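Please work through the exercises below with the sequence and the model at hand. Each task is followed by a solution in steps.

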Amino acid sequence: DTSTPARTATRTMSLVVSAALSVTTTSLNSATANSAFSYTLASTGGSGTKTWSVVSGSLPTGAALSTGGVLSGAVAATGSYSFTVRVTDGASRTADQALTLVVVTAVSISTVSLPAGTVNTLYSTMIAATGGTGTFTWSATGLPSGLSINSSTGVVSGTAAAATTVTVSFTATDNGTPVRSATRSLSLVVAAPLVIST
């Protein structure tokens, strides 16, 4: 003020400096077809209430992204689905992140029966599985003495020393994220060798 006498005014104001807004979720766990899933997306920085949206690409049928950042649903069709999400803060700042949702089938052991074995004779058969992601790790409980399962190939082999009938529980576990597994119980008969008694 240039008048005489000079007059002044003072006001105190608040200045907020926020960290840059960014999406910290950079990858998603795979989902199982026809099974419910829910992933919460995360961000850092920015200020105020944050809202989420899909700005390019598209979610598979059965999936949805809430404004609160929860990606959820149940997808029937397997495949790899790519899209870009955007988070917007209370000051209208935005950050984008490209994501991919992989939908796979559930793990299932496809072998439904085991061939019979013979005492003191080499036995070998492969247990098979489908679905999941990557390779399988195998385990078995209840195998008769002398037989074992290869954890990498699923091959049951060895030589049984005694005749028996047992129920063996086989488990196949994939190496996806998260891991998926399946268990199936199968009957195994080990018979005494056939001999002519006359």
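The exercises treat a predicted model, and they turn to two sheets, a cavity and selected loop residues.

**Exercise 1. Determine the strand order and the edge strands of the sheet that contains S7.**

Step 1. The order is S3-S7-S6, in an open sheet of three strands with antiparallel pairing.

Step 2. Strand S3 (37-40) and strand S6 (63-65) each have a single partner strand, so they stand at the edges and one side of each is left without a neighbour in the sheet.

Step 3. Direction ignored, neighbouring strands of this sheet are turned by 10° against each other on average.

Step 4. Between S3 and strand S7 (residues 70-73) there are four bridges in the antiparallel sense. Within this pairing, Phe37 has Gly73 of S7 as its bridge partner.

**Exercise 2. Describe the sheet that contains S17, and identify the strands that pair on one side only.**

Step 1. Four strands make up this open sheet, in the order S11-S18-S17-S14, and the pairing is mixed.

Step 2. S11 and strand S14 (137-141) are the edge strands, each pairing on one side only.

Step 3. S14 and strand S17 (residues 164-173) run antiparallel and are joined by five bridges. Ala140 can be located in this pairing through its bridge partner in S17, Phe170.

**Exercise 3. Characterise the largest cavity by volume, lining and residue class.**

Step 1. The structure holds one cavity of 30 Å³ or more. The volume of the largest cavity is about 30 Å³.

Step 2. The lining consists of Gly117, Thr118, Thr121, Tyr123, Leu147, Ala160, Leu188 and Val190.

Step 3. At least two residues of this lining come from each of strand S11 (117-118) and strand S18 (181-191). Both strands also belong to the sheet ordered S11-S18-S17-S14.

Step 4. Sorted by class, the lining comprises five nonpolar and three polar residues, with no charged residues.

**Exercise 4. Is Ser30 buried or exposed, and which side chain does its own side chain contact?**

Step 1. Ser30 is placed in the loop between strand S1 (22-23) and strand S2 (31-32).

Step 2. The relative accessibility of Ser30 is 11%. The cut-off for a buried residue is under 20%, so Ser30 counts as buried.

Step 3. The side chain of Ser30 makes a polar contact of 2.9 Å with the side chain of Arg180.

**Exercise 5. Locate Asn34 and Asn120, give the phi angle of each, and classify each as buried or exposed.**

Step 1. Asn34 is in the loop between S2 and S3, while Asn120 is in the loop between S11 and strand S12 (122-126).

Step 2. Although Asn34 is not a glycine, its phi is positive, at about 65°. Asn120, also not a glycine, has a positive phi of about 60°.

Step 3. A residue is exposed at over 50% relative accessible area. Asn34, at 60% relative accessibility, therefore counts as exposed. Asn120 has a relative accessible area of 59% and is likewise exposed.

**Exercise 6. What is the omega angle of the peptide bond between Thr177 and Pro178, and where does Pro178 lie?**

Step 1. Omega is about 0° for the bond joining Thr177 and Pro178, which is a cis peptide bond.

Step 2. Pro178 belongs to the loop between S17 and S18. These two strands are neighbours in the order S11-S18-S17-S14.

Note on methods: Residues numbered from 1 in each chain as written. Predicted model: local features only at pLDDT ≥ 70, side-chain atom pairs only at ≥ 80, totals over all residues. Heavy atoms only, no water. 1 Å grid on protein atoms, 1.4 Å probe; cavity = no way out; pocket = protein on both sides within 12 Å on 5 of 7 lines; lining within 4 Å. Points joined across faces, edges and corners; volume = space filled by probe spheres on them. Nonpolar A, V, L, I, M, F, W, Y, C, P; charged D, E, K, R; others polar. Pairing = 2+ DSSP bridges. Axes fitted to C-alpha atoms, helices over the stretch in contact; angles between N-to-C directions. Buried < 20%, exposed > 50% of the residue type's maximum accessible area, 1.4 Å probe, protein only. Polar contact = N/O pair within 3.5 Å; in protein donor to acceptor, adjacent residues only side chain to side chain.
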